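Here are a few exercises to work through with the model open beside you. Try each task before reading its solution.

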Amino acid sequence: MEKTFYGKPKIQKVDRHRAFIPSKARQLIGGNLVYLVYINEDLIRCYTPEAYEKTKDDMLQRSRDDSERQAYFLGQICRIDDSGRIMLNAKMSELEKVIFAPNGDVIDIYNPKQFHYKHII
């Protein structure tokens with residue numbers, strides 16, 4: 001069964017370079033590993049291992065010059081710690097809060113200053 005993330009975006013506090021994945025999302029993830037794809041300094045795309053593998057063929061069809069394809073294949077596996085937190089990139093680690101926005105088979109993690117509801121409508 002495919003996992004689908006839905007609901008309202010959640011604002012989460014950043015603490016020591018980490019942010020809490022919302023509990024509803026953690027339950028749906030079901031394990032302690034996710035893939036983080038750094039789309040840009042203000043957006044991290046969080047995939048379950050299953051969603052990451054499923055997306056691979058679609059990404060391979062894109063041009064090698066496609067920035068999202070390049071970011072995808074630079075994705076890093078990340079362990080969710082015992083408290084339900086993940087490590088953020090350097091720029092987002094400096095923030096006080098980030099936004100977790102469900103986006104179907106992924107969760108987008110935004111810098112609040114760059115987040116607009118148009119991204120999720």
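**Exercise 1: the first hairpin**

Val 14 stands opposite Ala 19 in strand 2. This is a predicted model in which local features need pLDDT of at least 70 and side-chain atom pairs count only at pLDDT 80 or more, while totals for chains, interfaces and linings use all residues. Residues are numbered from 1 along each chain as its sequence is written, and side-chain values use heavy atoms, with hydrogens and water left out.

Task: find which strands pair with strand 1 (residues 10–15), and over how many bridges.

Solution. Begin with the terms: strands (E, at least two residues) and helices (H or I, at least four) are DSSP runs, numbered from the N terminus, and two strands pair if DSSP finds at least two bridges between them.
- Step 1: strand 1 pairs with strand 2 (residues 18–20) in the antiparallel sense over two bridges.
- Step 2: these two strands make a hairpin with two residues between them, and Arg 16 in the turn has a positive phi of about 50°.
- Step 3: strand 7 is antiparallel to strand 1 too, over four bridges; here Lys 10 stands opposite Phe 100.

**Exercise 2: from strand 3 to the whole sheet**

Task: locate the bridge partners of Tyr 35, then work out where strand 5 stands in the sheet.

Solution.
- Step 1: in strand 4, the partner of Tyr 35 is Tyr 47; in strand 5, the partner is Ile 77.
- Step 2: strand 3 (residues 33–40) and strand 4 (residues 43–47) are antiparallel over five bridges and form a hairpin with two residues between them.
- Step 3: strand 3 and strand 5 (residues 76–79) pair in the antiparallel sense over four bridges.
- Step 4: now read the open sheet of eight strands, in the order 5-3-4-8-7-1-2-6, with antiparallel pairing. Strand 5 and strand 6 (85–87) are at the edges with a single partner strand each, so one side of each has no neighbour in the sheet.

**Exercise 3: a helix on the sheet**

Task: say which strands helix 2 (residues 49–61) touches, and which aromatic pair links helix 2 to strand 3.

Solution.
- Step 1: helix 2 packs on the sheet and touches strand 3 and strand 4 (contact: heavy atoms within 4.5 Å).
- Step 2: the direction of helix 2 makes about 110° with that of strand 4. Axes are lines fitted to C-alpha atoms, for helices over the stretch in contact, and angles run from 0 to 180 degrees between N-to-C directions.
- Step 3: rings of Phe, Tyr and Trp (its six-membered ring) pair if their centres lie within 6.5 Å; planes under 30 degrees apart count as stacked, over 60 as edge-to-face and the rest as tilted. By this rule there are five aromatic pairs.
- Step 4: the rings of Tyr 35 and Tyr 52 have centres 3.9 Å apart and planes at 5°, so this pair is stacked. Tyr 35 lies in strand 3 and Tyr 52 in helix 2, so the pair ties together parts 17 residues apart in sequence.
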